[in-house]
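Subject: Structure handover

Hello,

Here is the structure you asked about, with the sequence alongside. My notes follow below it.

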Amino acid sequence: MKTLRQLSIVLLILSVGQILQTKFNLFIPGTILGMMILLILLLTKIIKLKWIENITNVLLDHISIFFVPANVGVMVYLSQIKDVWAQILFIAIVSTVVVMGVTGAVVQLIDRLMARSRKEGNA
Amino acid sequence: MSQYFESPLFGVTITIIAFFFGKYINQKTKKAIFNPILIATALIIMLLINLNIDYEIYNKGGSIISFFIAPATVVLAVPLYKNIHLLKGRWISILIGITTGSLAGLVTIFVLCRAFGIDDIIMISMFPKSTTAAISLDLAKSIGGLPNLAVIFTAIAGISGNILGEYVFKLFRIKDRISKGVSFGTASHVLGTAKAMEIGEVEGALSSLSITVAGIISVFLIPWFMSIIGI
């Protein structure tokens with residue numbers, strides 16, 4: 001019953017997120033609003049981590065399988081991408097490399113600059 | 001028999017069996033390219049085509065499994081909450097890094113898609129690919145992309161980042177452990193984090209934090225980028 005009780009908390013927060021999204025016609029998906037609401041409730045200690053820890057582990061341990069049916073949905077578009085699949089695969093991989101490289105390089109660079117300015121400030 | 005295919009039981013059953021088969025192959029080969037999600041997807045598509053079953057019929061069961069994406073997205077707040085102390089003193093560089101990296105990815109997609117003459121709808125579906133599938137699916141819907149294509153691109157981003165990560169760090173001369181962790185989570189979500197955890201605890205924790213942070217940033221960044229390029 002514990003997991004079910006915890007699930008009801010998560011579903012309730014999700015529902016609030018979904019209702020806010022449709023009511024105010026927001027561009028942020030209701031699921032993300034739900035996530036932000038949960039984060040705020042955790043940070044303000046209104047919700048204790050242990051109230052939802054079990055269901056969190058259950059859901060995040062199985063998260064991969066939840067996406068399989070959506071992936072299978074690509075079969076509907078197979079005819080639409082069959083002539084360009086090599087190009088879009090190439091673009092997807094190259095842009096992933098760019099995101100990785102640029103993100104890491106910028107974090108590293110700014111950290112070094114900030115460390116240097118701190119050092120100079122102390123001297 | 002066709003009565004069985006029409007029932008939700010069929011979709012649920014083959015999804016779970018195909019996934020465990022994919023997981024088994026992944027554990028035997030220990031190769032990121034043999035990703036359980038991709039193996040399961042390929043198996044189910046082949047089965048459906050051979051049995052001449054429409055996606056809509058399969059999805060009567062499939063949608064029951066997909067339902068759990070939404071609550072799983074909400075609880076992504078938990079790893080962020082657990083690791084939020086890691087942001088202390090570093091949050092400026094991490095936020096700027098994630099934003100710049102994500103934007104560079106969007107520009108790359110835009111330029112290359114235009115160069116190859118790819119349809120806008122396919123390009124839009126690719127924009128959210130670095131975010132975790134829970135986010136990319138919903139984001140693709142709200143920006144007018146095709147959610148089912150978006151999740152496939154998301155899987156590609158995850159697998160390629162997992163495999164190529166260490167080469168990318170050499171190429172871009174990234175040595176700092178925190179920067180590596182942020183890179184994995186931002187570019188390759190959960191699959192990048194799996195690799196980051198193999199490399200080290202700091203890398204793993206920052207990668208899992210960055211999944212959620214990058215997801216939230218993308219929710220704002222992608223619609224803004226689309227208004228700039230005028231689509």
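The first residue to look at is B:R173, which counts as exposed because its relative accessibility is 62%, over the 50% cut-off. Please keep in mind throughout that this is a predicted model.

B:R173 and the positive patch

B:R173 sits in the loop that runs between α10 (147-171) and α11 (177-199) of chain B. Its backbone is worth a look: B:R173 has a positive phi of about 55 degrees, although it is not a glycine. Most residues other than glycine have a negative phi. B:R173 is also part of a positive surface patch, together with A:R112, A:R116, A:K119 and B:K175. The patch therefore draws on residues of chain A and chain B, if you go by the lettering of its members.

Salt bridges

Side chains of opposite charge can pair when their charged atoms come close. Over all chains, a search of the whole structure finds nine salt bridges. Three of them are described here, beginning with one from the loop that also holds B:R173.

B:D176 and B:R90 meet through their side chains in a salt bridge, at 3.5 Å from N to O. B:D176 lies in the loop between α10 and α11 of chain B, and B:R90 in the loop between α6 (77-83) and α7 (91-116) of chain B, so the pair ties together parts that are 86 residues apart in sequence. B:D176 is partly exposed, with a relative accessible area of 25%. This pair does not stand alone: A:D111, B:R90 and B:D176 are linked in a network of salt bridges.

The side chains of B:R114 and B:D120 form another salt bridge, with an N to O distance of 2.8 Å. B:R114 is partly exposed at a relative accessible area of 42%, and B:D120 counts as partly exposed at 30% relative accessibility.

In a further salt bridge, the side chains of B:E166 and B:K195 meet at 3.8 Å, N to O. This pair links distant parts of the chain, with B:E166 in helix α10 of chain B and B:K195 in helix α11 of chain B, 29 residues apart. Are the two partners buried or exposed? B:E166 counts as partly exposed, at 40% relative accessibility. B:K195 is buried, because its relative accessible area of 18% falls under the 20% cut-off.

B:K30

Which other residue has a positive phi although it is not a glycine? B:K30 does, with a value of about 55 degrees. B:K30 is placed in the loop between α2 (8-29) and α3 (36-51) of chain B. B:K30 is exposed, with a relative accessible area of 71%. B:K30 can also be set against B:K195 from the salt bridge above: the two are 165 residues apart along the chain, and their C-alpha atoms are separated by 12 Å.

Chain A

Chain A is divided into domain 1 (1-66) and domain 2 (69-123). The C-alpha centres of these two domains of chain A lie 27 Å apart.

A nonpolar surface patch of about 330 Å² is made by A:V16, A:L20, A:F24 and A:L26. Of these, A:F24 lies in helix α1 (residues 2-24) of chain A. A:F24 counts as exposed because its relative accessibility of 54% is over the 50% cut-off.

A:E53 is the last residue on my list. A:E53 lies in helix α3 (residues 49-61) of chain A and is partly exposed, with a relative accessible area of 27%. How far apart in space are A:E53 and A:T3, which are 50 residues apart in sequence? From C-alpha to C-alpha, A:E53 and A:T3 are 9.0 Å apart.

Regards

Methods
Residues numbered from 1 in each chain as written. Chains lettered and ligands numbered in written order. Predicted model: local features only at pLDDT ≥ 70, side-chain atom pairs only at ≥ 80, totals over all residues. Heavy atoms only, no water. Domains from an automatic or database assignment. Patch = residues over 30% accessible without salt bridge, like charges linked within 9 Å, V, L, I, M, F, W, Y side chains within 5 Å. Areas by Shrake-Rupley, 256 points an atom, 1.4 Å probe, with all protein chains shown as cover. Salt bridge = Lys/Arg side-chain N within 4 Å of Asp/Glu carboxyl O. Charge placed at Lys NZ, Arg CZ, Asp CG, Glu CD. Helix = DSSP H or I, 4+ residues; strand = E, 2+ residues; numbered from the N terminus. Buried < 20%, exposed > 50% of the residue type's maximum accessible area, 1.4 Å probe, protein only.
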